[in-house]
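Q: Please take a close look at one buried position in this model, and then work outward from there to its surroundings. I am in my first year, so please explain each term when it comes up.

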Amino acid sequence: LTYEMIERGIANWPPILFTSLRFALAGAMLLLATTRGTHQQIVRTHSLARLVISGLLMFVTGNGFVVWALQSTDPGIVAILVAMVPIHTAILTSLQKRAATLEPSACFGLVIALAAIYPLIAPTLGQSGQHFPTTGWEPRSPGEAALGLQIGCLSWSAGSILAAGVD
C-alpha cells in the first residue's frame with residue numbers, strides 16, 4: 001500500500017518534491033509530538049552529525065532511489081526489492097562487528113520474513129506499473145531501476161545501523 005500511494009503521489013507531483021514534503025510533514029508531526037509540554041533537549045549535540053548523516057543515507061539516498069524507481073516500476077516489484085533491507089542490514093551489521101557468519105536463527109528469520117511478503121504482493125505481480133511522462137530522471141531500464149533500489153536499500157541499512165549507535 002505504501003508504494004502504491006507513493007506511485008500515486010509522484011504521478012501528480014515531481015518525485016523529489018513529493019517525497020520531501022512527505023517526510024517534512026512526518027518529521028514536523030513527530031517533533032511536535034515529542035516536544036509537547038517539555039523543554040528538554042531532544043538530541044545531544046555530539047550525536048547531531050551522526051543523525052544528519054543517517055538521515056541523508058536513509059531518506060535522501062534510500063527513499064530517493066525508491067521514489068525514482070517507482071516512476072517506471074510496478075509497486076509490487078519495488079516492495080520485494082525493498083524487503084531486502086533486513087538482509088542488507090544483517091550483512092552490514094555482521095561485517096561491522098567482524099563476524100564472519102550470521103546466526104542460524106537470524107538466517108531463518110530473514111527467510112521467513114521474505115517469504116511472508118510474497119502473498120501480500122502476489123496480486124500485483126505481472127501488472128505493468130504506471131509509467132509517467134518522460135522527464136529524463138526516470139530509470140531507463142528495469143535493470144537500472146533494480147540497481148538503484150539495491151543502492152537505496154544498502155543506504156537505508158547503513159543509515160539504520162549508524163542511527164542505532166546514537167545515544
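A: Val67 is a good place to begin: because its relative accessible area is 0%, Val67 counts as buried, where buried means under 20% relative accessible area, exposed means over 50%, and partly exposed lies in between, calculated with a 1.4 Å probe on protein chains only. The model is a predicted one, in which local features need pLDDT of at least 70 and side-chain atom pairs count only at pLDDT 80 or more, while totals for chains, interfaces and linings use all residues. Residues are numbered from 1 along each chain as its sequence is written, and side-chain values use heavy atoms, with hydrogens and water left out.

Val67 is found in helix 3, a name that follows from how helices (H or I, at least four residues) and strands (E, at least two) are taken as DSSP runs and numbered from the N terminus. If neighbours within four places in sequence are set aside, Val67 is in contact with Ile6, Ile10, Pro15 and Thr19, where contact means heavy atoms within 4.5 Å. Val67 can also be placed by its distance to Gly9, since the two C-alpha atoms are 9.7 Å apart in space although the residues are 58 apart in sequence.

Two of these partners can be followed further. Ile6, with residues up to four places away left out, touches Phe18, Arg22 and Leu70 as well as Val67. Thr19 belongs to helix 2, which covers residues 15–35, and because its relative accessibility is 6%, Thr19 counts as buried. Apart from its neighbours within four places in sequence, Thr19 is in contact with Asn63 and Val67.

Ile6 and Ile10 also appear in the largest nonpolar core, which has 13 residues, and they are among those with the most contacts inside it, along with Val66, Leu70, Val78, Val82 and Leu149. A nonpolar core is here a set of buried Ala, Val, Leu, Ile, Met, Phe, Trp, Tyr and Cys residues joined through side-chain atoms within 4.5 Å. Helix 1 (2–12), helix 3, helix 4 (75–82) and helix 7 (142–164) each give two or more residues to this core, and helix 3 gives the most, with four residues.

Helix 7 deserves a look of its own. Cys153 is found in helix 7, and with a relative accessible area of 2% it is buried. Outside its neighbours within four places in sequence, Cys153 is in contact with Leu81, Val82, Val85 and His88. Cys153 and Gly62 are 91 residues apart in sequence, yet 5.8 Å apart in space, C-alpha to C-alpha. Ser157 also has its place in helix 7, and its relative accessible area of 0% is the reason why Ser157 counts as buried. With neighbours within four places again excluded, the contacts of Ser157 are Val85, His88, Thr89 and Leu92.

Val85 and His88 lead to helix 5 (residues 85–96), in which Val85, Ile87, His88, Ala90 and Ser94 are buried. Helix 5 has twelve residues and reaches 16 Å from its first C-alpha to its last, close to the 16 Å expected at 1.5 Å a residue, the expected span being 1.5 Å times one less than the number of residues.

Helix 3 also takes part in an open space. Eight residues from helix 3 (residues 48–70) form the largest share of the lining of the largest pocket, and this lining includes Leu51, Phe59 and Ala163. A pocket is, on a 1 Å grid over the protein atoms alone, an open set of points where a 1.4 Å probe fits, with protein on both sides within 12 Å along at least five of seven lines, and lining residues have an atom within 4 Å of a point. Leu56, another of the lining residues, counts as partly exposed because its relative accessibility is 45%. Leu56 and Gly159 are 7.7 Å apart in space, C-alpha to C-alpha, across 103 residues of sequence.

Finally, for the chain as a whole, there are seven helices and zero strands, and buried residues make up 29% of its 167 residues. Among contacts with a separation of 6 or more, residues 24 or more positions apart account for 85%.
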